Amino acid sequence: MASEVIPDRATALGERVRRRLTRETTIRLTTVGRDGTPQPNPVGFLWDGGPAVTGNPAWLEKYGEAIDARFGSAAAFAERFSVPVRIRLTRVRG
């Protein structure tokens with residue numbers, strides 16, 4: 001599905017989208033408060049990768065040093081942030 005949504009990599013937008021999805025370390029997951037106010041939250045993500053932290057080489061390669069520095073270990077991080085969220089793209093703006 002994602003390959004159908006993301007613009008062709010031969011285009012500037014397609015290349016920019018792919019670069020951001022593979023290189024950026026945070027994205028903004030925005031929810032809406034009861035009063036309708038957007039609530040953007042920075043979250044770590046892994047493009048097209050498994051959601052579990054421990055035992056996930058790609059996740060640990062991307063965030064391992066930061067996790068160790070802030071939480072002490074991947075296990076401690078996974079205990080605190082134990083619910084993965086999987087997002088399916090339905091459209092891309094740019």
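**View 1. Asn41, a partly exposed residue in strand S2**. In this predicted model, Asn41 sits in strand S2. Asn41 counts as partly exposed because its relative accessibility is 37%, and partly exposed covers the range between under 20% (buried) and over 50% (exposed). Which residues does Asn41 contact, once its neighbours within four places in sequence are set aside? They are Ile27, Arg28, Leu29 and Thr31. Take Thr31 as a landmark: Asn41 and Thr31 are 10 residues apart in sequence, and their C-alpha atoms are 8.1 Å apart in space. The strand that holds Asn41 is also where confidence is highest, since S2 (residues 38-44) has a mean pLDDT of 92.

**View 2. Arg23, an exposed residue of helix H2**. Now look at Arg23, which belongs to helix H2. Is Arg23 buried or exposed? With a relative accessibility of 62%, Arg23 counts as exposed, because the cut-off for that word is over 50%. Follow the chain from Arg23 to Leu46 and you will find them 23 residues apart in sequence, with 9.4 Å between their C-alpha atoms.

**View 3. Leu46, in the loop between S2 and H3**. Leu46 was the partner of Arg23 in the previous view, and here Leu46 takes the centre. You can find Leu46 in the loop that runs between S2 and H3. Leaving out residues up to four places away in sequence, Leu46 touches Asn56, Ala58, Trp59 and Lys62. Another distance to trace goes from Leu46 to Thr22: these two are 24 residues apart in sequence and 7.6 Å apart in space, C-alpha to C-alpha.

**View 4. Trp59 and the largest nonpolar core**. Trp59, one of the residues that Leu46 touches, is also a member of the largest nonpolar core. This core has 10 residues in all: Ile6, Val17, Leu21, Phe45, Val53, Trp59, Tyr63, Ile67, Ala74 and Phe77. Three elements, H2, H3 and H4, each give two or more residues to the core. Which of the elements gives the largest share? The answer is H3, with three residues. Zoom in on Trp59 and set aside its neighbours within four places in sequence: the contacts are Gly44, Phe45, Leu46, Val53, Gly64, Ile67 and Phe77.

**View 5. The largest pocket and its lining**. The largest pocket holds about 2,000 Å³ of space. It is lined by 50 residues, and those closest to its centre are Ile27, Val43, Gly44, Phe45 and Ile87. One of these, Phe45, may be familiar from the core in the previous view. At least two lining residues come from each of helix H2 (12-23), strand S1 (26-32), S2, helix H3 (57-71) and helix H4 (74-80). Here the largest share is again that of H3, which supplies six residues of the lining. How many of the lining residues are nonpolar, polar and charged? There are 29 nonpolar, 10 polar and 11 charged residues.

**View 6. Gly94, in the segment after H4**. Finally, turn to Gly94, found in the segment that follows H4. Why does Gly94 count as exposed? Gly94 has a relative accessibility of 86%, and exposed means over 50%. Gly94 and Gly14 make a nice pair to trace, because 80 residues of sequence separate them, yet their C-alpha atoms are 9.3 Å apart. Gly94 is in contact with Leu13 and Arg16, not counting its neighbours within four places in sequence.

**View 7. Stepping back to the whole chain**. After the close-ups, here is the setting they share. The protein has four helices and two strands, and from the N terminus on these elements run α-α-β-β-α-α. Its C-alpha atoms fill a box of roughly 40 × 40 × 20 Å along the principal axes. Of the 94 residues, 17% are buried. Among contacts between residues at least 6 apart in sequence, 34% join residues at least 24 apart. How far can you trust the picture? The mean pLDDT of the protein is 86, and 94% of its residues reach 70 or more. Confidence is lowest in helix H1 (residues 2-5), where the mean is 70.

Terms used. Residues are numbered from 1 along each chain as its sequence is written. This is a predicted model: local features need pLDDT of at least 70, side-chain atom pairs count only at pLDDT 80 or more; totals for chains, interfaces and linings use all residues. Side-chain values use heavy atoms; hydrogens and water are left out. pLDDT is the predictor's confidence in each residue, from 0 to 100. On a 1 Å grid over the protein atoms alone, a cavity is a set of points where a 1.4 Å probe fits but cannot get out, and a pocket is an open set with protein on both sides within 12 Å along at least five of seven lines; lining residues have an atom within 4 Å of a point. Grid points are joined across faces, edges and corners, and a volume is the space filled by probe spheres set on the points. Ala, Val, Leu, Ile, Met, Phe, Trp, Tyr, Cys and Pro count as nonpolar, Asp, Glu, Lys and Arg as charged, and the others, Gly among them, as polar. A nonpolar core is a set of buried Ala, Val, Leu, Ile, Met, Phe, Trp, Tyr and Cys residues joined through side-chain atoms within 4.5 Å. Buried means under 20% relative accessible area, exposed over 50%, partly exposed in between (1.4 Å probe, protein chains only). Contact means heavy atoms within 4.5 Å.
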